Structure formats: C-alpha cells, structure tokens
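Open the model in your viewer and keep the selection panel at hand. The stops below go from a sheet to a pair of helices.

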Amino acid sequence: VALFLHTSGTTNRPKGVPLTHANLLHQMRSLACVTRPEPGSPVLSVLPIWHSYERSAEYYFFSCACSQSYTTIKQLKKDLPRVKPVIMATVPRLWEAVQAGFEDAVKTFPASRQRLLRSALANSTAYTLARRRSRDLMIQPLRKRDRLRAAAEVSRRWPAHALASKLIWPKLRQQLSGGALRFPINGGGAIAPHVDSFFEAVGIELLVGYGLTETSPVVSCRRPWRNIRGSSGLPLPDTEFRIVDAESRKPLGFRERGVVLVRGPQVMDGYLGKPEATAKVLDADGWFDTGDLGMLLPDGSVVLTGRAKDTIVLSSGENIEPGPLEEALVSSPLIEQVMLVGQDERQLAALIVPRADVIVGWAGQQGLSLANDLGGKPGDQALLRLLMQECNRLLKQRVGARGDERLAGVVLVDPFTIDNGLLTQTLKQRRDRITARDNALIRGIYSR
C-alpha cells in the first residue's frame with residue numbers, strides 16, 4: 001500500500017481506499033499516452049493535493065521533470081499569466097468560470113467590438129464543429145454525404161477562422177490561460193458541451209478524462225488525435241470497459257446505455273475494513289462497478305450519461321438522468337448553477353442560481369421590471385414563469401429530447417459553494433445537502 005485516500009462521500013459516508021504502488025505506477029506509465037510534457041515544462045496545480053486525480057497527475061508530472069507551482073481557485077486568475085502553464089489538471093467548474101468571465105468581459109467592450117468578437121466566435125465554433133463532423137469525431141455516426149457536406153463547410157469557413165486564429169484567439173488565450181497552455185486535462189465530471197465548444201473554437205484543446213478514487217483514478221482520457229467531444233475518451237493501456245444492464249447485469253452492445261464497469265491494474269483491491277462494501281462494487285473477476293451510467297462507442301471510447309444514484313424516478317416510473325439536462329440549462333447566460341429535482345413527483349423542477357446582472361437585463365427585455373439585486377431571492381411569479389419557459393425551450397432543443405424532460409417549476413436559490421458545504425473540493429454538487437437546504441422551496445414548487 002502506497003497511500004490511503006477517502007471517497008468524497010457525496011451520497012453517503014466516505015470510505016477508505018488503499019492504493020498500492022502498482023496502482024500509481026500504472027498511472028505514471030499510462031498517462032504518457034495522453035500527453036508527454038518536456039522536462040522543465042511549467043505545471044500549475046489548482047486542485048486539492050489529497051484528491052486522487054491531483055495526486056496521480058502530480059506524480060506523473062514530477063516523473064516528467066516538470067516545474068510544479070501551486071495555487072488556489074481564488075488565486076488562479078492571477079497565477080495563470082505568472083506561471084504560464086503548459087499543462088494543468090482541472091475540473092469542469094473552472095472552465096465554466098473562465099468561459100463566463102469571457103462573456104462578462106465582452107459586455108464591457110464597445111458595440112462594434114462585441115459584434116466582431118461574437119461573429120468571429122460563431123464562425124470558429126461552426127468551423128470546428130464541421131471539422132469534427134467531416135472527420136467523424138462524433139458520438140453519433142454520420143453518413144458519408146453528411147461528412148462531405150461538413151467538409152464543404154470547413155472549406156467555406158476556414159478563411160475567417162484562420163484570420164481569427166492569427167489575430168484574435170492568441171490574445172484571448174493569453175488572457176484566459178497565460179498563452180502557453182497546450183494540455184488542459186479535465187476530470188472530476190463531465191464538461192458542458194457549450195464550454196467544450198468554446199475552448200475548441202479559440203484553440204484550447206480540452207482533454208477530458210474519467211476515473212474514480214477507487215481506480216487511482218484515471219481509466220480513460222480523450223487523446224489529441226481522437227478528441228470526440230462529449231466522450232470521456234479511450235481506455236488507458238491495459239484497461240477494459242464493459243457496459244451492463246442495471247437489472248440483469250447482461251453485457252450490452254455499442255451505443256447501448258447501462259452501468260459502466262471497468263477492469264485494470266489501477267483498480268483498488270477493496271475498501272479499508274469494509275468487505276461488504278467491497279463485495280457490492282468489485283466482483284471475483286476484477287470488474288469494478290463505477291456507479292456511472294454510460295455507453296461504449298465502436299472505437300472503444302466511453303461516453304458517460306449520468307450517475308445511477310442521481311437518476312430521478314418520476315411518479316410515472318420514467319427514469320431521468322439529470323446531468324445532460326443540467327448541462328443544457330447551464331449553457332444559458334442567465335444561469336450560473338442549476339440542479340434538477342423531482343424524485344417521486346409527476347414532473348421535474350429546477351433549483352437555479354441566477355446570474356443576477358444578466359437576468360435583470362433579460363427580464364427587462366421581456367417587459368418585466370426588476371430591482372438590480374433581484375431583491376434577494378425573488379418570489380416574483382412572473383419572472384419564474386418566464387425563466388421556466390426559457391429553460392423548457394433549451395430542454396426541448398436537445399437532440400433526442402423527451403416529453404417528460406420538462407420543468408413544472410423553477411425557484412431561485414443561493415449559490416452552491418465549497419464554503420457552505422454544497423460543493424466538494426473538486427466542485428461537484430452534494431445533491432443531498434442541496435436538497436436538504438432548499439427543501440422548503442422544493443415543497444413550495446410542488447404545492448403550487
């Protein structure tokens with residue numbers, strides 16, 4: 001045993017995870033297939049050093065003779081231009097904050113410059129999407145004629161994208177990441193599609209990985225040459241995935257959704273002093289039940305769709321995976337954070353942390369006058385109705401949207417933070433604690 005780490009305990013009591021030298025050495029050997037920084041490359045560390053993701057990444061960077069600097073989430077914006085990191089281990093919330101900061105900055109520019117930036121960003125976003133479609137780097141397969149159409153769009157949009165890549169995006173990358181960042185490896189959760197697309201458009205390649213404390217943690221990661229947006233990448237060497245039906249445990253085929261199992265040298269031998277808990281997640285053949293829901297693509301990439309424990313079961317019996325819906329909602333500039341609720345209810349509802357300055361202006365455009373500070377947590381039913389309509393519009397636009405993926409109500413709540421105990425140190429929501437804090441508001445939605 002090399003070290004003991006504890007699970008975050010977002011849904012129950014934390015469990016001790018003994019990780020061996022062999023577990024960690026597998027990570028140090030395997031991460032080289034994702035990125036291989038040169039000796040002396042500056043690395044900026046922002047995650048807690050006791051977290052398994054940070055720990056393994058740190059060991060790997062040291063093995064590459066990188067220069068490691070440490071910062072905090074609050075100091076990150078200052079330290080990025082100071083350190084100018086080539087590589088970082090990050091979590092989705094950081095990139096959401098950086099992208100939101102860009103939007104806030106753009107609003108302070110003159111109208112003509114705003115139009116220029118937004119036009120360039122729209123073109124580069126469309127260009128990078130068309131380029132992925134032409135190369136068939138998509139979760140859903142494309143027909144040959146669709147790939148040919150995408151290739152034609154790449155040619156049409158390339159001149160404007162090339163100009164922006166030379167004149168605009170280098171300056172933006174300098175402001176966002178210090179200018180040198182080549183390999184931001186994102187873990188600890190799925191990254192919202194609109195955030196992923198934004199950074200791809202401006203030339204920052206997010207390499208999203210996947211893992212758990214029990215797996216040391218990395219089991220898969222997107223590669224620079226096989227970066228399928230929306231996926232968590234290809235397995236690391238000597239690592240296997242299997243998708244099984246939640247009830248029968250029967251193995252499923254490609255693009256069939258089920259529970260994600262993983263097996264490999266980085267998987268723990270068992271929880272500390274908890275044989276019953278170990279038996280629930282680790283079988284005799286070494287397959288570890290991650291508790292995540294997902295599917296496999298034909299190339300071996302894994303796509304996550306939610307957590308089994310987070311699944312919301314409506315009173316109709318319909319199962320709703322909240323993660324993808326929350327990603328769609330947080331793409332709105334009106335919404336800072338969101339959490340869906342609705343267990344055993346007829347319909348879903350949403351707890352929304354608003355971006356107050358944006359929502360006040362938006363409400364004004366809809367003919368609704370609000371105080372600049374929203375008056376604390378407003379009970380203005382007209383505003384909540386407008387916001388619910390906007391949320392349902394976003395949900396309806398999703399590919400494959402279902403009729404039961406609609407909101408019956410929304411309520412505005414205070415932020416979810418580390419300080420108030422509603423986010424983990426890697427910025428994951430503690431859904432049970434959020435539900436407990438805002439239980440009265442949730443009851444109020446459904447009583448109406």
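The tour follows selections by residue range, on a model that is predicted.

**The sheet**

Begin with residues 335-341, strand β16, and add residues 407-412, strand β18. These are the edge strands, and each of them pairs on one side only. Now add residues 348-354, which form strand β17. The three strands make an open sheet in the order β16-β17-β18, and the pairing is mixed. From one strand to the next, the twist averages 25°.

**Between β17 and β18**

Keep β17 and β18 on display: they run in the parallel sense as a pair, over five bridges. To find one position in this pairing, select Leu348 and look across to Leu407 in β18, which stands opposite.

**A helix on the sheet**

Next, select residues 322-330, helix α10. Which strands does helix α10 touch? The helix packs on the sheet with contacts to β16 and β17, and the direction of α10 makes about 150° with that of β16.

**Two helices**

Two packed helices are described by the angle between their axes and the distance between the axes. Select residues 356-365 for helix α11 and residues 381-397 for helix α12. Their packing angle is about 95°, and the axes lie 11 Å apart. Angles of 65 to 115 degrees count as roughly perpendicular, so α11 is roughly perpendicular to α12.

Finally, show the side chains at this contact. On α11, pick Ile359, Trp362 and Ala363; on α12, pick Leu383, Leu386, Leu387 and Glu390. By class, the contact of α11 with α12 has six nonpolar residues, one charged and no polar.

Conventions
Residues numbered from 1 in each chain as written. Predicted model: local features only at pLDDT ≥ 70, side-chain atom pairs only at ≥ 80, totals over all residues. Heavy atoms only, no water. Pairing = 2+ DSSP bridges. Helix = DSSP H or I, 4+ residues; strand = E, 2+ residues; numbered from the N terminus. Axes fitted to C-alpha atoms, helices over the stretch in contact; angles between N-to-C directions. Contact = heavy atoms within 4.5 Å. Parallel < 35°, antiparallel > 145°, perpendicular 65-115°, else oblique. Nonpolar A, V, L, I, M, F, W, Y, C, P; charged D, E, K, R; others polar.
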